[in-house]
Amino acid sequence: MTAQAATGQAAAGELAGRVALVAGATRGAGRAMAVELGRAGALVYVTGRTTRERVSEVGRPTETIEQTAELVTAAGGTGIAVPTDHLEPAQVKALIERIDREQGRLDVLVNSVWGGDRLIEFDTRLWDLDLDNALRMFRLGIDTHVITSHFALPLLIRRPGGLVVEVTDGTAAFNRRYRGSLCFDLTKNAPHRIAFGLAAELTEHGGTAVSLTPGFLRSEEMLDHFGVTEETWREAVAQEPHFAIAESPALIGRGVRALAADPERARWTGQSLSSGQLAKEYGFTDTDGSRPDCFGYFEDVVFGGKQAIAADYR
């Protein structure tokens, strides 16, 4: 029995010798996924646009890809930061050529590029949206993923068993409901179809492709929005009651780690997955020991009117 089968979590060193690329690893879910892959011993290339010398349009200078790489290494892996704008094909091509030159393989590709939260206009009709911002969302959340996979997949399929994770917001089932802004809705549904299509294209190469979403994520930006920290996050429940179901970025990180270490992960290919679903399947928990089921809570309580509280779904 493997360590993962016994504990539900990949053991330290279980991904030793594996090479991963987490595209969009500056902060939030991307950073957590990179760190957890490192915790299992992987060598992880982390990319993004915010470095110690340059800040991206997101405007958060306190989170950099260099920090992420250092966290990966501190966790037990090897983190390598490569500044990359994934909208620039030449930069992505150079990144993959570097990985090939230095490692000769790529086992895990995580497409987590986003950075478009500031562009969302909820409850605004399409004809009233800022069109430039709307189209920029498509570029950030869809084009970046396609460009990255275009260049990375020839290296990933060189060995059978490669894993592609398309990170998005909301499961395919949850996103059947309108997400309150047409261009945001389209952007966050596209990764489900990308993963579905890649699953078909990777089958003959023994590869697996999934889409994966966190629940209500306690990202650095979200904590700042509510004026709390990871230690005091429950204070924000007074402002936003549904924040009681929130999860730390570590939960989705542990989900990717479990997938990457699972020799039978091909059973998931083409599917839309959530961090909570994987936590239940693989037996891991969030940092506080709970196993939040965000989408179950929203379906039953928020949309379904069930008399229950968030604690019942943790």
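# A guided tour of the predicted model

Begin by selecting R27, R60, E63 and D224, which are linked in a network of salt bridges. The model in the viewer is a predicted one. A search of the whole structure finds 21 salt bridges, and several of them serve as stops on this tour.

**First stop: helix α2 and its partner α3**

Select residues 28–39, which form helix α2, and then residues 65–75, which form helix α3. The axes of these two helices come within 7 Å and cross at roughly 25°. Since an angle under 35 degrees counts as roughly parallel, that crossing makes α2 roughly parallel to α3. With both helices in view, note that α2 passes α3 in a right-handed crossing.

To display the contact, show the side chains of R31, A34, V35, G38 and R39 in α2, which meet Q67, T68, L71, V72 and A75 in α3. The residues of this contact divide into 5 nonpolar, 3 polar and 2 charged.

**Second stop: a salt bridge within α2**

Remain on helix α2 and select E36 and R39, whose side chains meet in a salt bridge with an N to O distance of 3.1 Å. Both residues lie in α2, 3 residues apart, which is about one turn of the helix. Are the two partners buried or exposed? E36 counts as buried because its relative accessibility is 3%, whereas R39, at 34%, counts as partly exposed.

**Third stop: L37**

The next selection is L37, which also has its place in helix α2. At 1% relative accessibility, L37 counts as buried. Which residues surround L37, leaving aside its neighbours within four places in sequence? L37 is in contact with L15, A20, V22, A42, V44, V108, V256, R257 and A260. For a sense of distance across the model, draw a line from the C-alpha atom of L37 to that of R176: the two residues are 139 residues apart along the chain, and the C-alpha atoms are separated by 31 Å.

**Fourth stop: from a loop to α3**

Select R52 and E70, whose side chains meet in a salt bridge of 3.0 Å, N to O. This pair links distant parts of the chain, with R52 in the loop between β2 (43–48) and α3, and E70 in helix α3, 18 residues apart. R52 counts as partly exposed, at 48% relative accessibility. E70 is likewise partly exposed, with a relative accessible area of 44%.

**Fifth stop: L95 in helix α4**

Move to residues 89–103, helix α4, and select L95 within it. L95 is buried, with a relative accessible area of 2%. Beyond its neighbours within four places in sequence, L95 is in contact with L21, T47, V82, T84 and H86. Then add Y45 to the selection: Y45 and L95 are 50 residues apart along the chain, and their C-alpha atoms are separated by 9.2 Å.

**Sixth stop: helices α5 and α6**

Select residues 131–156 for helix α5 and residues 182–202 for helix α6. Their axes come within 8 Å and cross at roughly 15°; α5 and α6 are therefore roughly parallel to each other. In this pair, α5 passes α6 in a right-handed crossing.

Which residues form the contact of α5 with α6? On the α5 side, show A134, M137, F138, G141, I142, H145, V146, S149 and L153; these meet C183, F184, L186, T187, A190, I194 and L198 in α6. The residues of this contact divide into 12 nonpolar, 4 polar and no charged.

**Seventh stop: S274 in strand β7**

Select S274, which is found in strand β7. S274 counts as buried, at 7% relative accessibility. Leaving aside neighbours within four places in sequence, the residues in contact with S274 are T171, L212, T213 and F295.

**Final stop: E281 and R267**

Finally, select E281 and R267, whose side chains meet in a salt bridge of 3.1 Å, N to O. Where in the chain do these two residues lie? E281 is in helix α9 (residues 275–282) and R267 is in the loop between α8 (249–261) and β7 (272–274), so that the pair, 14 residues apart, links distant parts of the chain. E281 counts as partly exposed, at 42% relative accessibility, and R267 is partly exposed, with a relative accessible area of 38%.

Definitions and conventions
Residues are numbered from 1 along each chain as its sequence is written. This is a predicted model: local features need pLDDT of at least 70, side-chain atom pairs count only at pLDDT 80 or more; totals for chains, interfaces and linings use all residues. Side-chain values use heavy atoms; hydrogens and water are left out. Axes are lines fitted to C-alpha atoms, for helices over the stretch in contact, and angles run from 0 to 180 degrees between N-to-C directions. Helices (H or I, at least four residues) and strands (E, at least two) are DSSP runs, numbered from the N terminus. Angles under 35 degrees count as roughly parallel, over 145 as roughly antiparallel, 65 to 115 as roughly perpendicular and the rest as oblique. A crossing is left-handed if the near helix is turned anticlockwise from the far one by less than a right angle, and right-handed if clockwise. Contact means heavy atoms within 4.5 Å. Ala, Val, Leu, Ile, Met, Phe, Trp, Tyr, Cys and Pro count as nonpolar, Asp, Glu, Lys and Arg as charged, and the others, Gly among them, as polar. A salt bridge is a side-chain nitrogen of Lys or Arg within 4 Å of a carboxyl oxygen of Asp or Glu. Buried means under 20% relative accessible area, exposed over 50%, partly exposed in between (1.4 Å probe, protein chains only).
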